[in-house]
Structures are given as C-alpha cells and as structure tokens.
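Me: I am new to this structure and would like to understand the words used for it. Could we go through them together?

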Amino acid sequence: MISLLDYGAGNVRSVRNAIAKLGFELIDIRRPRDILDAEYLIFPGVGAFGAAMQRLDALGYTEPLKEYLAADRPFLGICLGLQTLFEASEESPGIAGLGLIPGQVRRFPESALAVPHMGWNGLRLQRPGPLLTGLDAQRFYFVHSFYAESTAENAGWVLAETDYGASFVSAVQRGRVAAVQFHPEKSGQDGLEVLRRFLSGEALQPERESAAEQGTSGPTQLARRVIACLDVRSNDAGDLVVTKGDQYDVREPGGAVRNLGKPVELAGRYYDEGADEITFLNITAFRDFPLADQPMLEVLRRTSENVFVPLTIGGGIRAFTDADGHGYSALDVAGEYFRSGADKVSIGSEAVAIVEAFRASGGDGSSAIEQIATVYGNQAVVISVDPRRVYVDSPDATERTTIETALPGPNGERFCWFQCTVKGGREGRDVDAIELARVCEQLGAGEILLNSIDRDGTGSGFDLELVAAVRAAVGIPVIASSGAGSPEHFTQVFQSAGAEAALAAGIFHRREVPIASVKARLRDDGIPVRD
Ligand code: 1PR
C-alpha cells in the first residue's frame, strides 16, 4: 500500500495516474497519524517552498514527517518534495525546511539560460544506487526555478547531479529515504521505471559497490523539446476532433471542419512516437464556457491516464458567467483543467486583455496570470500568442516595437511589428508580441507559446525573426510554433532563433515527418534531444 502526501496545493493527478498505471494501490494521508502508519510514503511537493512548509505545519504534518524520515522508513520526495528535505530556500527566506539534509536551496542565477529550468535533462550519478543505476544515460523531465546546492556536508546524500548553468542536486538517497528533483511521473517510460523501483522496494535494497556501477561523469545537457500540438474543436456533427488550419482557417473548401483524428488516440500516438510534450488547444473555447465542455475535460482525463509527458491545455482560460448567472474565475477554469490532468494551462485572448489593462493601470495581483501562477506555480502558466505581421515603412510609423526584417512587406516595407490577435486570430489588437511577452513574464507567466498566423499550416518554416525577437525580450522559455515543414526547420529555430522548444501540428498529423526524423536530424546537427 502506497500513501500519498497531497497537501492540496496543486495538481498531483499525474502522480496518481502513474502509480495506478504501475498497478499499485494508493491511499491519501488525511490525518497526521496516517504518516506514521504509512508503509511507503510519496511526497510530490507542489507550489512554493514557504507555502508548502506552512501548509505542512498547519495540517500538523511536520513533526510526524520528521519522525518518519528519522526512522529511515520508505520515502520518495518529488521536486519540492526534495527541496523541503533541506534546511532553507532562497525562495522563502526565514522559513525552515525539514532540515534532514544539510544545505540550502538557491535560485538559478540570471544568465542567458531561461528560468525555469524546464525540459529533459540528464543525471550524473555520484555513486551506485538501485534507484537510478542503468538509467543514467536517459533524460528526465525537470521544471523548477530553485535548486538544492551540493556541498561537502551533504555529499553522503547525493545520488545524482545535473547541470544547468550551475550543477545541482537532482537525486538524493540514504537508506530508504530518497528524493528526486525531476518528475518521474512526467518522464515517460524511464520515469515510470524509477517509480516502479521505489514502489516495489527494489530501490530500497542496501547499496552494493561494484566497479561496473560507479558514478558517471561528464556534464549533462538540457534537451531542446519537440512538442506535438492538437487543435481541438467540435465538428459540425458535434464530435470533438483534432483539426488543423491554414493560417487559422480550419474549414475545407466545402465548408466542413477539417478532421484529422481523435484527440485521445492521437495524443497516445505522439507519446509512443517520442513527443516531449503534448499540447491541446481548445480553439473555439473563446466563445463557449469551457467548464460546460465536458468532452474536452474527458479528453484530458483519458489522455493523462496513459501519457506520461507534460500536457498543456489552452482555450477559454478567463472569467465566465454561466447561463444561471453563476460566476467562475479564470482560476476556477484552470483548476478544473489541472484536476483533469493538465500540467500547464495556456492563456491566449485573455493575456492580451490583461496586457491592455496593465498598460492602463499596472498590475494589482488580480489577473488570471497572477492568480493561477500564485496557486499552481509560474511553470504552470503558458501564454499563447497569436501574432501576425504588420509592415511599416519606418519604426516611427507606429508606437509598437518593430524589427527590421529581411522579408520585406508587399510594398517593399523593411520594418514590421507583430500584432497580437484574439479569438483565434479573428480580431487584431494594438499590442505587439514583444510587449505581451514581457508584461506576461513580469506578471508571473512561466513560458511563451509563440504562434504565427502568417506561417501556420504553410510548412515554410518558423518565423525566425519573430522567435528571435521574443526570445531576446524575455528570460522564460519560448516555444516556437507554426510553419514547421521539415526537420531542418527545427534545427534552424533552435540554432538561429534560440527557442527552447519547437511545436508542430500538420506535419505530424498528416504523417509527413515523423517525430523520430526530427530528432534524428537535430542529433546529427549537434542539438541535444531526448531519445
Ligand atoms: O484565446 O485563450 O481561448 O485560446 C485559444 C487557443 O486556440 C489559442 O492558443 C490559439 O492559438 C488557438 N487557436 C484559436 N484558433 C485557432 C485556429 O487555428 N483557428 N490555433 C487556434 C491555432 C496555432 C497552433 C498550430 C501551430 C502549428 N494555434 O495551434 O498548432 O500553428 O501548426 P503547423 O505546424 O501545422 O504550422 P483562448
């Protein structure tokens, strides 16, 4: 029997799904005493360090947890569940951690590297150990802005380190107490194997020293992510289908909504084929109330039972009033998506409205971005941008941020700005993509999903100028989207525009280019990818 320490701060559905997939039964910790009664305890920390410690205190969990850990009983901490084992964190000065492991949790320093550290990175084993031995050639999914520092005092605990600018502690184990900074429940088959080793007790056997199982050396590298995107909407018969537009027009010449398959099946196929993440965009949610859209929530629930890579869902994340006059906040809508299996939500039209309001009166903590980031963490908030090029003769012709373009406009214009649109590209607003990305980052967004209406469905390659301009403007990861037509396009967007991830839809749906071919090409071009 496995006990889950879920203190209600966020989404642990993926951990539940992964444990169920492995065939283990799970019970929830409901009272402090349940901790001491646990046989195997999993602690998937969610949210901020200080809030987590305060919540543990308020629930009366801190002392039984310390007692459980001191007695060397089976424990697996995940992400914040690793960090809270340390003494303190720069994330929440003055708040003590569980203090089992000597050392501090630090923030990744300002650098050219995007923060959060988000994506698939490797492990450098410091010593043999049945939890990870044999898996050190693989990559695992990380998402965090703070890291536990390795020092001489905690060397006895450190099982693996990972490099991202600094080198940090990515796994610890002493006796039967273990913790990992990465998310095994989001790390595909290799992640499930780490969980299986813990849940089966295999990882808790006494460590054996053998020459063949010495630690590994050499720096690890964050992989560039390849993301499959499923635009989902109801067709005219009312069935939820995966569709795909050309410059956002998803209707066939005869007028029917283009149907490229069933969402759950297609997501499963992309997981099997090696997609590093899967994104669902509910493309007509701007006009419907998404919580009434139960089929979409069902798609998410069913997908998350079998797909163990990060899932993002976008569409309709904003405040709504239903037909009975009942009001729902954007946080309510996002919460329903998280509870149904999403790891991140993506905000489109509402982000433009937020930036317009911010321009008028500054932030007051009430925007959807701030609310969702506060409860679920910055990494859970993606901003989906739907820009189109507006050409001008000179930067003086507009107040918006322009770039000088190598692709002149129809009348030879040498400058352009990237106009944000709302409602699936139907309406242009007086906000440019660079301002949008900057303000959303400031309000707490963790990632930018950067589409391009000009390139969508054309297969002519990503808009490299757009991606480079937005990437240079923010310190959070940027996902380049729209226009992928060949594996070379992915190399280009990583090498010359600096994107952290690249997303495609049409070429994958139509089986024109398999994900494996994209990754093979990237590998040949010296770009790190997950196998
Ligand atoms: O505004 O918060 O309700 O969110 C709506 C979401 O739906 C936004 O993220 C918006 O991008 C998306 N969306 C709305 N209408 C469309 C449409 O196509 N008519 N999707 C749409 C389009 C583009 C990508 C596409 C890439 C890659 N977004 O989804 O997958 O362009 O395509 P490609 O590789 O085939 O070129 P809200």
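Me: Why are α9 and α11 called oblique to each other?

Reply: Happy to help, and please keep in mind that this is a predicted model. Helix α9 (residues 330–339) and helix α11 (residues 368–376) pack at an angle of about 45°. Angles under 35 degrees count as roughly parallel and 65 to 115 as roughly perpendicular, whereas 45° falls in neither range, so the pair is oblique. Their axes are 9 Å apart, and α9 passes α11 in a right-handed crossing.

Me: Which residues of α9 and α11 meet?

Reply: Ala330, Leu331, Ala334 and Phe338 in α9 meet Ala368, Gln371, Ile372, Val375 and Tyr376 in α11. By class, this contact of α9 with α11 holds eight nonpolar residues, one polar and no charged.

Me: What makes α7 roughly parallel to α8?

Reply: Look at the crossing angle. The axes of α7 (residues 263–272) and α8 (residues 294–306) cross at roughly 25° and come within 9 Å. Angles under 35 degrees count as roughly parallel, so α7 is roughly parallel to α8. The crossing of α7 past α8 is right-handed. On the α7 side the contact is made by Pro263, Val264, Ala267 and Gly268, and on the α8 side by Val299, Arg302, Thr303 and Asn306. The contact of α7 with α8 has four nonpolar, three polar and one charged residues.

Me: And how do you know that α14 and α16 are oblique to each other?

Reply: By the same kind of reasoning. The axes of α14 (residues 487–495) and α16 (residues 515–524) cross at roughly 50° and come within 8 Å. An angle of 50° is not under 35 degrees and does not reach the 65 to 115 range, therefore α14 and α16 are oblique. Here too, α14 passes α16 in a right-handed crossing. Pro487, Glu488, Phe490 and Thr491 of α14 make the contact with Ser517, Val518, Arg521 and Leu522 of α16. Those residues divide into four nonpolar, two polar and two charged.

Me: What are the domains of the protein, and what separates their centres?

Reply: The domain assignment gives domain 1 (2–213) and domain 2 (225–377 + 450–524). Their centres, taken over C-alpha atoms, are separated by 29 Å. The contact takes 18 residues from domain 1 and 18 residues from domain 2. On the side of domain 1 that touches domain 2, the elements giving two or more residues are α1 (13–21), β7 (117–121) and α6 (188–199). The largest share of that side, four residues, comes from α1.

Me: Which residues come nearest to the ligand?

Reply: Of the 33 residues around the ligand, Gly348, Ser349, Ser384, Gly424 and Gly506 come nearest. At least two residues of the shell are supplied by each of β14 (225–234), β20 (344–347) and α10 (349–361). The shell divides into 12 nonpolar, 16 polar and five charged residues.

Me: What kind of peptide bond joins valine 115 and proline 116?

Reply: A cis peptide bond joins them, with omega about 5°. Proline 116 sits in the loop between β6 (104–107) and β7.

Me: What is the phi of glutamine 247, and where is this residue found?

Reply: Glutamine 247 has a positive phi of about 50° although it is not a glycine. Glutamine 247 lies in the loop between β15 (240–243) and α7.

Methods
Residues numbered from 1 in each chain as written. Predicted model: local features only at pLDDT ≥ 70, side-chain atom pairs only at ≥ 80, totals over all residues. Axes fitted to C-alpha atoms, helices over the stretch in contact; angles between N-to-C directions. Parallel < 35°, antiparallel > 145°, perpendicular 65-115°, else oblique. Left-handed = near helix turned anticlockwise from the far one by under 90°. Contact = placed C-beta atoms within 7 Å. Nonpolar A, V, L, I, M, F, W, Y, C, P; charged D, E, K, R; others polar. Domains from an automatic or database assignment. Near = placed C-beta within 6 Å.
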